[in-house]
Amino acid sequence: MAERHDDTDAETQPEPVRDRLVTVTIALLADVGPSEIKVRRIAEEAGVSTIAVYHHFGGVRELLQVVVGRGYRTLRTAFERAAAAGPDPGAQLFAIALSCRQVAQDNAHLYDMMFGLSTRGTYRYVAEAPDGGPTQQFLESYAVFAAACHRLVESGRITITDGHQVAAELWSAVHGFVTLEMAGHFARFDNPVGQVLAPMCVNHFVGLGDERSRAERSGLDAVAWWNSEGPGSENAAAKISI
């Protein structure tokens, strides 16, 4: 396919072209994976010349830095929405876990790239990111999760009093589940959320000192929110059960 040379558009409207290149790259990741993240393919899909990619980003690695940043903004928005699922911090944390899973399922290759996983391609974000890069962007998303953990501590439901420790443990569990499910390790389960994620979260809550019945109620409340007001209310395929 011949390249389209509309560099004038790229020069006169730099922000729209820049945004379009990012959007196209995210879509390519979702549709065909990292193997097609090449300057020529990106430019063709965006309807610009290859020069536009270099003009706006310098190269593919720099473009992927911006793509990763977009992914983390999506993750943070999903976490913020889930944190408003109701007054129960336990339900908020369950909802955040479900949201993390949904973001990963929406674009598994992008999620891999956001967390530096090496299973799906040759391009990875620059590890030594400057201030405001992927590390900082992850921390902004993680802060939403950590705040819910602090609210759980403040509720008196658990015996652990260090919210940072609670956040580190729960995030490790949730992120581990998400990455293992994406890799196909839970394919034998008919309902990975109900059979793996929810029981794991309940057991973690109990291990932190919560009552099992209360932990289970938080999970049920989160699922009810997900299906009635969250992503499950907008897309029948996103509905879940535990």
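# Notebook: helix H10 and its surroundings

I began with helix H10, residues 192-207, and checked its length against expectation. At 1.5 Å a residue, its 16 residues should span 22 Å, and I find the end C-alpha atoms 21 Å apart, so the two agree. I note here that the model is predicted.

Next I looked for a bend in H10. I find a kink of about 25° at Ala198, shortly before the proline Pro199. I then looked up Ala198 itself, which belongs to helix H10. Is Ala198 buried or exposed? Its relative accessible area is 9%, and the cut-off for buried is under 20%, so Ala198 counts as buried. I also took a distance from this residue: Ala97 is 101 residues away in sequence, yet the C-alpha atoms of Ala198 and Ala97 are 9.4 Å apart in space.

I listed the buried residues of H10. They are Pro192, Val193, Val196, Leu197, Ala198, Cys201, Val202 and Phe205. For reading such a list I keep in mind that an α-helix has 3.6 residues a turn, so residues three or four places apart point the same way. Just after H10, I find Gly209 with a positive phi of about 115°.

**Whole chain**

I stepped back to the chain. I count twelve helices and zero strands. Read from the N terminus, the order of elements is α-α-α-α-α-α-α-α-α-α-α-α. The chain has 242 residues, of which 50% are buried.

**Largest pocket**

I looked up the largest pocket and got a volume of about 270 Å³. Its lining is made of 16 residues, and those closest to the pocket centre are Thr74, Ala78, Gln102, Val103 and Asp106. Which elements give two or more residues to this lining? I find helix H5 (60-83), helix H6 (89-106) and helix H7 (108-114). H5 gives the most, with five residues. I sorted the lining of the pocket by class and have eight nonpolar, six polar and two charged residues.

**Annotated region**

I checked the record next. The unreviewed UniProt entry carries the annotation "DNA-binding region" over residues 38-57. In the model, I find this span to be 80% helix and 0% strand, with its end C-alpha atoms 13 Å apart.

Within helix H4 (residues 50-57) I looked up His55. With a relative accessible area of 42%, His55 falls between the 20% and 50% cut-offs, so I enter it as partly exposed. I then took the C-alpha distance from His55 to Arg18: it is 9.3 Å in space, at a separation of 37 residues in sequence.

**Two further residues**

I picked Leu29, which lies in helix H2 (residues 14-31). What is the relative accessible area of Leu29? The value is 0%, so I enter Leu29 as buried. Between Leu29 and Ala108 I count 79 residues in sequence, while their C-alpha atoms are 8.3 Å apart.

I picked Ala224 last, in helix H11 (residues 212-228). Its relative accessibility is 41%, so Ala224 goes down as partly exposed. Ala224 and Ser241 are 17 residues apart in sequence, and I get 8.7 Å between their C-alpha atoms.

**Summary of the entries**

I leave H10 with a kink of about 25° at Ala198 and an end-to-end distance of 21 Å that agrees with the expected 22 Å. I leave the largest pocket with H5 as the element that gives the most residues to its lining.

How values were computed:
Residues are numbered from 1 along each chain as its sequence is written. This is a predicted model: local features need pLDDT of at least 70, side-chain atom pairs count only at pLDDT 80 or more; totals for chains, interfaces and linings use all residues. Side-chain values use heavy atoms; hydrogens and water are left out. Helices (H or I, at least four residues) and strands (E, at least two) are DSSP runs, numbered from the N terminus. The expected span of a helix is 1.5 Å times one less than its number of residues. The bend at a residue is the angle between axes fitted to the seven residues ending there and the seven starting there. Buried means under 20% relative accessible area, exposed over 50%, partly exposed in between (1.4 Å probe, protein chains only). On a 1 Å grid over the protein atoms alone, a cavity is a set of points where a 1.4 Å probe fits but cannot get out, and a pocket is an open set with protein on both sides within 12 Å along at least five of seven lines; lining residues have an atom within 4 Å of a point. Grid points are joined across faces, edges and corners, and a volume is the space filled by probe spheres set on the points. Ala, Val, Leu, Ile, Met, Phe, Trp, Tyr, Cys and Pro count as nonpolar, Asp, Glu, Lys and Arg as charged, and the others, Gly among them, as polar. UniProt positions are given in the numbering used here, feature names are shortened, and annotations may be inferred rather than shown by experiment.
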